[in-house]
Amino acid sequence: MIMNNINQPIGIKQRSVLDFFEPEKAAQQQLANQLNQPQPIHQSIMENTDLPVSTGDKRSILLVEPEKYKSWGSNQQHIGLLKIGAYHQVIGDLVEYVTYPNYPKKINRPDIIYVTSMFTYWYKGVWKTVQHYKESYPKAKVILGGIYATLCPEHAKGSGADEIMIGQHPEAKIYPPNPLLIPESEHNDFAYCMTSQGCTGNCRFCATHILYGHGIYQRPVDEVVGEISLQYRRGINKIYFGDDDILYKSEEHLIPIINKLTMLNVKPEFYVYGGMQARWMTPQLAELFKNNRFKFISFGFESVSEE
């Protein structure tokens with residue numbers, strides 16, 4: 001793989017899976033121009049167990065999880081939606097999270113409705129969700145984001161959303177996701193953490209390099225430790241790692257993260273659902289997993305070809 005700097009995401013190459021979507025090329029270039037390193041999480045967020053809420057005028061923000069499909073497992077969360085919720089809490093807005101087709105219990109008339117999306121082939125459920133809430137709250141601004149909206153923004157306009165958000169929310173991306181926003185009837189006893197963005201691979205069939213740029217950006221160790229510590233103080237005892245390549249340079253990244261958490265007596269259970277690359281696995285990592293409450297790990301398998 002060729003890259004300018006392994007720790008710096010760089011622009012999207014000419015050939016990618018979006019070559020099959022002619023109307024998406026302009027939006028693809030727009031996303032490439034927007035790809036930047038995540039900023040350090042603000043210190044005030046890390047110093048408080050609960051996100052602060054101001055006493056000023058509040059907007060009503062509705063976060064909507066779209067129609068689910070059978071393959072949507074109980075170990076999934078919409079991380080971006082939970083980051084947006086955390087951001088709006090910090091700036092003093094009233095935030096509520098619902099799953100389609102439910103209505104909010106605390107908010108009467110939302111000012112902004114965020115609808116997220118996952119896989120492109122689930123778009124019909126996303127469209128149905130957008131239309132449902134637009135009809136229910138015609139004066140609210142409906143913003144559609146997520147993976148499908150980012151990969152196929154021109155197609156996503158057909159949903160009827162007022163705005164298509166490409167990539168990450170520019171302000172919310174620095175905030176740790178707040179899973180406590182999810183209703184208790186759903187899965188809110190764990191928190192996802194992305195210690196890095198991107199992957200060292202360059203598979204043409206994968207959209208990771210479109211979403212995050214080529215290469216891999218690993219967040220500072222102390223920043224990740226601070227985020228996991230915050231979730232632990234919230235009472236969340238399960239951390240799910242969603243990285244695409246979490247074992248890359250583990251001696252400089254994952255190992256010091258776990259060791260620092262142990263020193264701080266922050267001891268959640270860890271689950272690696274993102275898929276690890278077997279080539280980076282070492283006996284030291286196996287021992288680390290054994291001694292530090294790693295309850296689930298997974299390895300990705302892409303191809304036997306060396307090309």
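Tutor: Two strands count as paired if DSSP finds at least two bridges between them. Keep in mind that this model is predicted.

Student: What makes β4 and β5 a pair?

Tutor: Strand β4, residues 141–144, is joined to β5 by 2 bridges. The definition asks for at least two, so β4 and β5 pair. They run parallel, and I143 stands opposite E163 in β5.

Student: Which strands form the open sheet, and in what order?

Tutor: The sheet has 5 strands in the order β2-β1-β3-β4-β5, with parallel pairing.

Student: Why is one side of β2 and of β5 left without a neighbour in the sheet?

Tutor: β2 (94–99) and β5 (163–164) are at the edges and each has a single partner strand, so one side of each has no neighbour in the sheet.

Student: What makes you say that helix α3 packs on the sheet?

Tutor: Helix α3, residues 79–90, touches β1 (60–65), β2 and β3 (112–115). Contact means heavy atoms within 4.5 Å. The direction of α3 makes about 170 degrees with that of β1. Helix α4, residues 123–136, also packs on the sheet, touching β1, β2, β3 and β4.

Student: Why is a set of residues called a nonpolar core?

Tutor: The name requires buried residues of certain types, Phe and Ile among them, joined through side-chain atoms within 4.5 Å. The largest such core here has 24 residues, and F241 and I228 are among those with the most contacts inside it. Helix α9 (254–263) is one of the elements that give two or more residues to this core, and α9 gives the most, with 5 residues. Another core, of 22 residues, lies apart from it and includes L62 and I164.

Technical notes: Residues numbered from 1 in each chain as written. Predicted model: local features only at pLDDT ≥ 70, side-chain atom pairs only at ≥ 80, totals over all residues. Heavy atoms only, no water. Helix = DSSP H or I, 4+ residues; strand = E, 2+ residues; numbered from the N terminus. Axes fitted to C-alpha atoms, helices over the stretch in contact; angles between N-to-C directions. Buried < 20%, exposed > 50% of the residue type's maximum accessible area, 1.4 Å probe, protein only.
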